[in-house]
Amino acid sequence: MNEMAWDIRDRTGIRTTGDGGGRRRLSEEVPSPKKQRTTPQYEEEEEEEEEQASVSSVVGCSKTVDCGERSISFTLTDPDLLDCPICFDNLSTPVFQCRNGHLACSSCCVKLGNKCPSCSSWIGNDRCRAVEKILESIKIPCQNMKYGCREMVSYCKKHEHEDICIYGPCSCPLPDCGFVDCSEKLYLHFSTKHSKSAKSFRYDVHFSVALDVQQTFVILQEEKEGTIFILNSWPEYFGIVIYVSCIAPSTSKPGFCYDIEARSRGSSVKLLSFTEFVPAFVELGHCTSKRFLVVPRDFVGLDGRLKLELRIWGPSSSSRNSAYGGKSS
């Protein structure tokens with residue numbers, strides 16, 4: 001493991017180094033404030049703050065921690081300390097400990113039947129408050145920082161933020177292009193570099209798409225905002241499976257509302273649904289969507305093409321409500 005040192009500065013203006021160099025005063029860098037609080041109540045509060053600072057200095061962290069009147073920066077020599085020793089996921093509150101001090105996250109306590117795997121003692125009642133306070137105080141940059149995110153998020157909520165971060169990396173849908181960036185920059189890249197590879201359309205307006213029977217996808221790009229969609233097509237023995245996905249960071253929220261219809265000799269099939277967000281387009285050879293339209297094979301014309309009418313609604317709520325006949329989505 002590489003040797004790393006941490007640097008802690010408190011209100012006394014003393015820097016403490018983790019390389020065995022002792023304590024050295026740096027009064028010219030951080031002036032020592034005058035004491036103004038002398039009551040027993042304030043003295044107890046100061047003692048609690050000093051205890052929290054000492055706990056933080058023991059565990060360490062490679063980021064900046066905001067501690068009210070002071071900011072402490074230090075380096076973690078063993079990042080695994082902030083992971084659950086059982087499932088190896090990032091620790092988040094609540095954190096439990098057995099009587100011998102072994103830690104476990106709440107989900108592991110349940111899975112193990114509240115039996116510590118290290119010493120077989122009970123675990124799941126006593127919380128490790130010191131570790132919880134450290135986790136709550138640590139602020140780290142989003143992993144999408146290089147794609148434009150400037151958020152400093154709590155270590156406990158790291159995954160929650162990254163699941164909804166709008167700067168999540170997205171890949172160019174063309175297989176021979178390796179461009180990866182946030183969705184906004186991807187849309188700009190595609191419109192300037194690959195504009196002829198997509199069919200342009202406008203939100204809320206019907207447009208026609210003709211698919212060859214063996215064609216598995218068509219790239220669509222909205223004219224104004226540049227959002228990229230994929231019209232997916234996959235032949236099955238019972239018909240042709242059709243659905244639309246959007247190139248954007250994955251999220252649990254519903255995507256763009258769209259309707260798609262196929263007609264043939266007086267018959268028609270239609271789907272009203274929401275797109276799924278996918279950060280990258282990959283041809284898997286099978287349908288991955290839970291919502292799709294099945295078009296009978298006899299809808300294919302004599303020229304071997306399937307003609308579709310498609311409309312993708314804009315992101316405004318009024319457009320979505322119109323798609324559902326005035327009902328809220």
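## Warm-up: reading a predicted fold

In this protein, take the contacts between residues at least 6 apart in sequence: 48% of them join residues at least 24 apart. Keep in mind that the model is predicted. There are six helices and 21 strands to find your way around, and buried residues make up 39% of the 329 residues.

**Exercise 1. Work out which strands pair with S16, and in what sense.**

Let's go partner by partner.

- Step 1: Start with S15. It pairs with S16 in the antiparallel sense, over eight bridges. A hairpin of two residues joins them. To check the register, look at Asn232, which stands opposite Tyr243 in S16.
- Step 2: Move on to S20, residues 293-295. This strand is also antiparallel to S16, with three bridges. Here Ile242 faces Leu293 of S20.
- Step 3: Now S19, residues 276-278. Three bridges link this strand to S16, and the two run parallel. One pair to click on is Ser245 with its bridge partner Glu276 in S19.
- Step 4: Finally, check the cover on S16. Nine of its nine residues are buried, so the strand counts as mostly covered.

**Exercise 2. Decide whether Tyr237 is buried or exposed, and find the patch that holds this residue.**

- Step 1: Place the residue. Tyr237 sits in the loop between S15 (228-236) and S16 (239-247).
- Step 2: Apply the cut-off. Exposed means over 50% relative accessible area. Tyr237 has 74% relative accessibility, so it counts as exposed.
- Step 3: Look for nonpolar company. Tyr237 forms a surface patch with Phe238, Phe292 and Val294. Together the four have about 430 Å² of accessible area.
- Step 4: For the wider setting, the whole protein has an accessible surface of about 19,600 Å², and 49% of that belongs to carbon and sulfur atoms.

**Exercise 3. Find out what surrounds Asp181, and which side chain of opposite charge is nearest.**

- Step 1: Locate the residue. Asp181 lies in strand S11, residues 180-181.
- Step 2: List the contacts. Leaving out residues up to four places away in sequence, Asp181 touches Tyr147, Gly168, Pro169 and Cys170.
- Step 3: Hunt for the opposite charge. The nearest such side chain is Lys185, 4.5 Å away.
- Step 4: Test that pair. A salt bridge needs a Lys or Arg side-chain nitrogen within 4 Å of a carboxyl oxygen of Asp or Glu. Asp181 has no salt bridge, although this residue is buried.

Technical notes. Residues are numbered from 1 along each chain as its sequence is written. This is a predicted model: local features need pLDDT of at least 70, side-chain atom pairs count only at pLDDT 80 or more; totals for chains, interfaces and linings use all residues. Side-chain values use heavy atoms; hydrogens and water are left out. Patches are made of residues with over 30% relative accessible area and no salt bridge: like charges are joined within 9 Å, nonpolar side chains (Val, Leu, Ile, Met, Phe, Trp, Tyr) within 5 Å. Accessible areas come from the Shrake-Rupley method with a 1.4 Å probe; for residues, only the protein chains shown count as cover. Helices (H or I, at least four residues) and strands (E, at least two) are DSSP runs, numbered from the N terminus. Buried means under 20% relative accessible area, exposed over 50%, partly exposed in between (1.4 Å probe, protein chains only). Lys and Arg count as positive and Asp and Glu as negative; His and the chain ends are not counted. Contact means heavy atoms within 4.5 Å. Two strands pair if DSSP finds at least two bridges between them.
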